Amino acid sequence: MAIQTVLIINKSGGLVYQRDFLASSTKLSSNDYLILAGTLQGVTAIASQVTPKALQISGSNLSKAANETEYSIPYAGPLGVKDQKEDMGSFLPPDYFTDSFASWSKSGLKHVTTDQFSLFLYQSMTGMKFVAISTQSSTSNMAVSFAENFLRKAYCLYADFVMKNPFYEPEMPIRCELFDKKLTEFVQHL
Amino acid sequence: MSSGSGNVQNGPAVSTSSKKSLRVFSDDIWKNKTAKINAELFTLTYGSIVSQLCTDFQRDFNKVNDQLFAMGYNIGLRLIEDFLARTALPRCDTLVKTSEVISKCAFKIFLNMTPQVSNWSNNKDVFSLILDENPLSDFVELPMDASKELWYSNILCGVLKGAMEMVQLDCDVWFVSDVLRGDQHSEIRVKLNRILKDEIPAGED
């Protein structure tokens with residue numbers, strides 16, 4: 001699975017980061033990306049408002065344990081981490097995390113497949129959205145959990161190299177070279 | 001991935017449901033996944049910030065308290081992302097759970113200490129964190145003029161306030177006692193004002 005583009009959207013729906021990793025990808029103008037980000041934000045909100053009737057009825061009496069297992073994402077191995085001596089910011093090798101984890105987005109948009117590519121969306125509890133566009137069209141759950149693993153790692157990088165940069169202002173576009181560098185390395189090792 | 005109950009036991013998704021597993025979970029994160037530095041470096045850096053602030057504000061300790069709180073608030077707004085990226089814990093559905101996550105997980109990971117949670121109000125919207133040890137205030141003795149006014153570790157209150165605000169919990173946080181002022185123990189009071197329901201991101205239940 002090759003990652004073509006990574007986008008980060010802040011909680012108000014503004015695009016704060018966009019990067020293409022493949023030279024061949026079709027060029028959109030930065031304005032188009034802004035519109036895409038806003039649209040994704042809107043579609044996620046709408047998608048969480050429309051729920052099948054069956055789930056609306058059974059949702060309230062679903063046992064909590066079942067609910068938690070359902071949204072648990074398995075750990076997908078040391079994706080993107082090159083070797084154990086790599087500098088991982090404030091995290092310790094071998095990997096950023098090694099447990100399965102729960103997804104915060106339970107009824108929002110998580111995955112879009114087209115015949116050319118797939119789009120994956122990871123949302124943090126604070127409302128940040130991480131979007132990855134891969135060059136493969138995939139419909140399997142496996143691909144979704146791989147993507148969630150990858151995007152959680154991107155979130156770890158964001159927490160380290162963006163949030164800890166004193167000159168970065170929250171909610172503003174991300175211009176942090178170190179974050180750029182780390183993310184690029186990370187995508188290349190996928 | 002192994003299926004069945006064995007896997008569920010280890011996953012962070014349910015680790016908040018039993019006290020022991022949240023503790024084991026945070027111990028593991030602290031021990032195996034978080035880079036460490038010498039705590040004295042941290043203590044002394046904080047000490048130099050506070051003493052510089054006292055000079056800058058000409059020993060007006062109320063202003064120093066406010067400034068420390070504001071600095072902590074700005075740290076909290078950012079630190080929450082690190083905490084969430086590291087732990088990926090699910091949203092807390094009660095303040096009781098929040099207090100457990102704060103004491104057993106957040107304090108453990110960032111300060112390597114586990115404050116006790118106590119003094120719950122009747123409707124469970126106010127609680128206290130009792131800090132038996134406080135790495136910020138090692139080597140510190142307050143000067144005479146500061147001992148009635150300065151809350152030396154007030155930055156912690158700001159951090160808690162800022163971090164909880166980012167997960168839509170509007171709280172008031174303040175110190176009620178401090179060993180540096182001669183009290184029995186240091187106590188931080190946390191009061192939940194309201195949950196900012198409108199700001200919970202779409203797609204979360």
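## Strand β7 of chain A and its partners

In this predicted model, A:Ser118 has A:Ser134 as its bridge partner in β7(A). That bridge belongs to the pairing of strand β6 (residues 118-123) of chain A with β7(A), which is antiparallel and runs over 6 bridges. The two strands β6(A) and β7(A) form a hairpin, with 5 residues between them. In the turn, A:Gly127 has a positive phi of about 100 degrees.

Strand β1 (residues 3-9) of chain A also pairs with β7(A), again in the antiparallel sense and over 6 bridges. Here A:Leu7 has A:Val131 of β7(A) as its bridge partner.

## Burial of β7(A)

Strand β7 of chain A covers residues 129-134, and 6 of its 6 residues are buried. In a regular strand, side chains alternate between the two faces of the sheet. On one side of β7(A) are A:Lys129, A:Val131 and A:Ile133, and on the other are A:Phe130, A:Ala132 and A:Ser134. Both faces are covered, since the residues on each side are all buried. A:Val131, the bridge partner of A:Leu7, and A:Ser134, the bridge partner of A:Ser118, thus lie on opposite sides of the strand.

## Overall form of chain B

Chain B contains 6 helices and 4 strands. From the N terminus on, its elements follow the order α-α-α-α-α-β-β-α-β-β.

The C-alpha trace of chain B spans about 60 × 40 × 30 Å along its principal axes. A compact globule of 205 residues would have a radius of gyration near 17 Å, so the 18 Å of chain B agrees with that expectation. Of the contacts in chain B with a separation of 6 or more, 60% are between residues 24 or more positions apart.

## Surface and charge of chain B

Buried residues account for 51% of the 205 residues in chain B. The chain exposes about 10100 Å², and carbon and sulfur atoms supply 52% of this area. Chain B carries 22 positive and 27 negative charges, whose mean positions are 5 Å apart.

## A buried loop residue: B:Asn154

B:Asn154 is in the loop between β2 (126-131) and α6 (155-166) of chain B. Is this loop residue buried or exposed? B:Asn154 counts as buried because its relative accessibility is 8%, and the cut-off for burial is under 20%.

Leaving aside neighbours within four places in sequence, the contacts of B:Asn154 are B:Tyr46, B:Asn65, B:Leu68, B:Phe69 and B:Phe175.

Terms used
Residues numbered from 1 in each chain as written. Chains lettered and ligands numbered in written order. Predicted model: local features only at pLDDT ≥ 70, side-chain atom pairs only at ≥ 80, totals over all residues. Heavy atoms only, no water. Rg over C-alpha atoms; globule rule 2.2 N^0.38 Å. Buried < 20%, exposed > 50% of the residue type's maximum accessible area, 1.4 Å probe, protein only. Contact = heavy atoms within 4.5 Å. Areas by Shrake-Rupley, 256 points an atom, 1.4 Å probe, with all protein chains shown as cover. Lys, Arg positive; Asp, Glu negative; His and termini not counted. Charge placed at Lys NZ, Arg CZ, Asp CG, Glu CD. Pairing = 2+ DSSP bridges.
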